[in-house]
Amino acid sequence: MKWLLDTNSLSELTRPEPFEGLLDWLDANEPDTGISAISIGEMVAGIERLQEGKRRRTLERALKFLREDYAGKILDFTEGAAVEWGRLVALARKRGHNLSVLDSQIEATGIHYGLTVVTRNSSDFFHPVFNPWKPS
């Protein structure tokens, strides 16, 4: 595994017309991708905030399929990731950056497992990430 998909990358896949560049990138790299349990939590929280209805049911199904597709590749926020998170947050603050808790936990998961985060929101992270929305 080389890549850790951020929540916004996963959410993009639930759109009626996902960004073609992300789909192309996933076609080439999906076997080397994983996701953080933190992203699962973020997605569940988003779904739970929705009213009952078609959109909510569609997202619930999408999350169910995503969890099935990534079975065995959903990475827990372990003690080791927590140590990396503490280091990451401290270093970022020393350099004048305030990171969101969830994004920094996803980043720490990537650091712990030696993965590069794949995200559209590069500015949410302290270390370099890969952004398939940005032309090379």
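Trainee: Which residues does D6 touch, leaving out those up to four places away in sequence?

Mentor: In this predicted model, D6 touches S39, D103, I106, V117, V118, T119 and F125 once residues up to four places away in sequence are set aside. The word "touches" rests on heavy atoms within 4.5 Å. D6 itself lies in the loop between β1 (3–5) and α1 (7–12).

Trainee: Why is D6 said to have no salt bridge?

Mentor: The nearest side chain of opposite charge, R120, is 10 Å away from D6. A salt bridge requires a side-chain nitrogen of Lys or Arg within 4 Å of a carboxyl oxygen of Asp or Glu, and therefore D6 has none. D6 is nevertheless buried.

Trainee: What makes the pair E48 and R56 a salt bridge?

Mentor: The closest N and O atoms of E48 and R56 are 3.3 Å apart. The cut-off is 4 Å, so the pair qualifies. R56 also meets E52 in a salt bridge, with 3.7 Å from N to O. E48, E52, R56 and E60 are linked in a network of such bridges. By this rule the count comes to seven salt bridges.

Trainee: Why is R56 called buried?

Mentor: The relative accessibility of R56 is 9%. Buried means under 20%, so R56 counts as buried.

Trainee: How do you know whether E52 is buried or exposed?

Mentor: E52 has a relative accessible area of 63%. The exposed class begins over 50%, and E52 is therefore exposed.

Trainee: What makes E84 and R87 a salt bridge, and where do these two residues lie?

Mentor: Their side chains meet at 3.4 Å, N to O, and the limit for a salt bridge is 4 Å. Both E84 and R87 lie in helix α5 (residues 79–94), three residues apart, about one turn of the helix. R87 has 53% relative accessibility and counts as exposed, the threshold being over 50%.

Trainee: Why is R57 called partly exposed?

Mentor: The relative accessibility of R57 is 42%. Partly exposed covers the range between the buried limit of 20% and the exposed limit of 50%, so R57 belongs there. R57 lies in helix α4 (residues 54–69). R57 and E68 are eleven residues apart in sequence and 17 Å apart in space, C-alpha to C-alpha.

Trainee: Why does A92 count as buried?

Mentor: A92 has 0% relative accessibility, and the class takes values under 20%. A92 is found in helix α5. Neighbours within four places in sequence aside, A92 is in contact with H97, L99 and F126. A92 and H127 are 35 residues apart in sequence, while their C-alpha atoms are 9.4 Å apart in space.

Trainee: What makes L115 buried?

Mentor: Its relative accessibility is 10%, and buried means under 20%. L115 sits in the loop between α6 (101–113) and β4 (116–118). Residues up to four places away in sequence aside, L115 touches M1, K2, W3, L4, L75 and G110. L115 and L5 are 110 residues apart in sequence, with a C-alpha to C-alpha distance of 9.5 Å.

Trainee: How do you know that the protein chain agrees with a compact globule?

Mentor: With 136 residues, a compact globule would have a radius of gyration near 14 Å, and the protein chain has 15 Å, which agrees. Along its principal axes the C-alpha trace spans about 45 × 35 × 30 Å. Of the 136 residues, 40% count as buried. Among contacts between residues at least 6 apart in sequence, 67% join residues at least 24 apart.

Trainee: What pattern do the helices and strands follow along the sequence?

Mentor: The pattern is β-α-α-β-α-α-β-α-α-β, and the secondary structure comes to six helices and four strands.

Trainee: How many positive and negative side chains does the protein chain have, and how far apart are the centres of the two sets?

Mentor: There are 17 positive and 20 negative side chains, and the centres of the two sets lie 4 Å apart. The protein chain exposes about 8,000 Å², of which carbon and sulfur atoms supply 51%.

How values were computed
Residues are numbered from 1 along each chain as its sequence is written. This is a predicted model: local features need pLDDT of at least 70, side-chain atom pairs count only at pLDDT 80 or more; totals for chains, interfaces and linings use all residues. Side-chain values use heavy atoms; hydrogens and water are left out. The radius of gyration is taken over C-alpha atoms; the globule rule is 2.2 Å times the number of residues to the power 0.38. Buried means under 20% relative accessible area, exposed over 50%, partly exposed in between (1.4 Å probe, protein chains only). Accessible areas come from the Shrake-Rupley method with a 1.4 Å probe; for residues, only the protein chains shown count as cover. Lys and Arg count as positive and Asp and Glu as negative; His and the chain ends are not counted. The place of a charge is taken as NZ of Lys, CZ of Arg, CG of Asp or CD of Glu.
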